[in-house]
Amino acid sequence: IFDVFTRLNDLYLTLKLAMNKGFPYSIPTEIVIPMIGCGIGGLKWEDVAKVIDEATPDLPVRVIEWERS
């Protein structure tokens, strides 16, 4: 459980940093991302989605479900 919490916390901090400092010229109107952390990372999408929503409350996030070919 500690490992999962640590990875979710790292995700939250990375998103907050990107929102505060990662966009020097303009603030994006939308973020498009894959289901980060849910493949090799082993996290549950329900947990990751909550972190993303909390870290980016004023920004729409579109999630792309990537399928291996």
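In this predicted model, T56 has its place in the loop between α2 and β2. With a relative accessibility of 3%, T56 counts as buried, because the limit for burial is under 20%. A polar atom of the T56 side chain lies 2.7 Å from the backbone oxygen of I52. When neighbours within four places in sequence are left aside, the residues in contact with T56 are M19, I31 and V61.

D58 is placed in the loop between α2 and β2 as well. At 76% relative accessibility, D58 counts as exposed, since the limit for that class is over 50%. The C-alpha atoms of D58 and E30 are separated by 9.6 Å, and these two residues are 28 residues apart along the chain. The loop between α2 and β2 thus holds T56, which is buried, and D58, which is exposed.

The overall architecture of the chain was then considered. The chain contains two helices and two strands, and these follow the pattern α-β-α-β when read along the sequence. Strands β1 and β2, the latter formed by residues 61-64, pair in the parallel sense over four bridges. Within this pairing, V32 stands opposite R62 in β2. The path of the chain from β1 to β2 passes through α2, and the resulting β-α-β crossover is right-handed.

The side chains of β1 alternate between two faces. I31 and I33 point to one face and are buried, whereas V32 and P34 point to the other face and are not buried. I31 and I33 also belong to the largest nonpolar core, and I31 is one of the residues in contact with T56.

The largest nonpolar core comprises eleven residues, namely L8, L11, L15, I31, I33, L43, V48, V51, I52, A55 and L59. Two or more residues of this core are supplied by each of α1 (2-21), β1 (31-34) and α2 (45-55). The largest share, four residues, comes from α2. In soluble globular proteins, nonpolar side chains tend to be buried together. Within the core, L11 touches V48, V51 and I52, and L11 also touches I36, residues up to four places away in sequence not being counted. I52, a member of this core, is also the residue whose backbone oxygen lies 2.7 Å from a polar atom of the T56 side chain.

In strand β2, V63 was examined. V63 is partly exposed, because its relative accessible area of 32% falls between the limits of 20% and 50%. Apart from neighbours within four places in sequence, V63 is in contact with I33, P34, M35 and W45. Of these contacts, M35 is 28 residues from V63 in sequence, and the C-alpha atoms of the two residues are 6.4 Å apart in space.

G41 provides a point of reference in the loop between β1 and α2. Its relative accessible area is 26%, and G41 is therefore partly exposed. The C-alpha atoms of G41 and V4 are separated by 9.0 Å, and the two residues are 37 residues apart along the chain.

Values for the chain as a whole complete the description. Buried residues make up 19% of the 69 residues. The accessible surface of the chain comes to about 5500 Å², and carbon and sulfur atoms account for 58% of this surface. Among contacts between residues at least 6 apart in sequence, 77% join residues at least 24 apart. One of the contacts described above, that between V63 and M35, links residues that are 28 residues apart in sequence.

Note on methods. Residues are numbered from 1 along each chain as its sequence is written. This is a predicted model: local features need pLDDT of at least 70, side-chain atom pairs count only at pLDDT 80 or more; totals for chains, interfaces and linings use all residues. Side-chain values use heavy atoms; hydrogens and water are left out. A nonpolar core is a set of buried Ala, Val, Leu, Ile, Met, Phe, Trp, Tyr and Cys residues joined through side-chain atoms within 4.5 Å. Buried means under 20% relative accessible area, exposed over 50%, partly exposed in between (1.4 Å probe, protein chains only). Contact means heavy atoms within 4.5 Å. Two strands pair if DSSP finds at least two bridges between them. A crossover is right-handed if, with the strands pointing away from the viewer, the path from the first strand over the helix to the second runs clockwise. A polar contact is a pair of N or O atoms within 3.5 Å; within protein, one must be able to donate a hydrogen and the other to accept it, and residues adjacent in sequence count only if both atoms are side-chain atoms. Accessible areas come from the Shrake-Rupley method with a 1.4 Å probe; for residues, only the protein chains shown count as cover.
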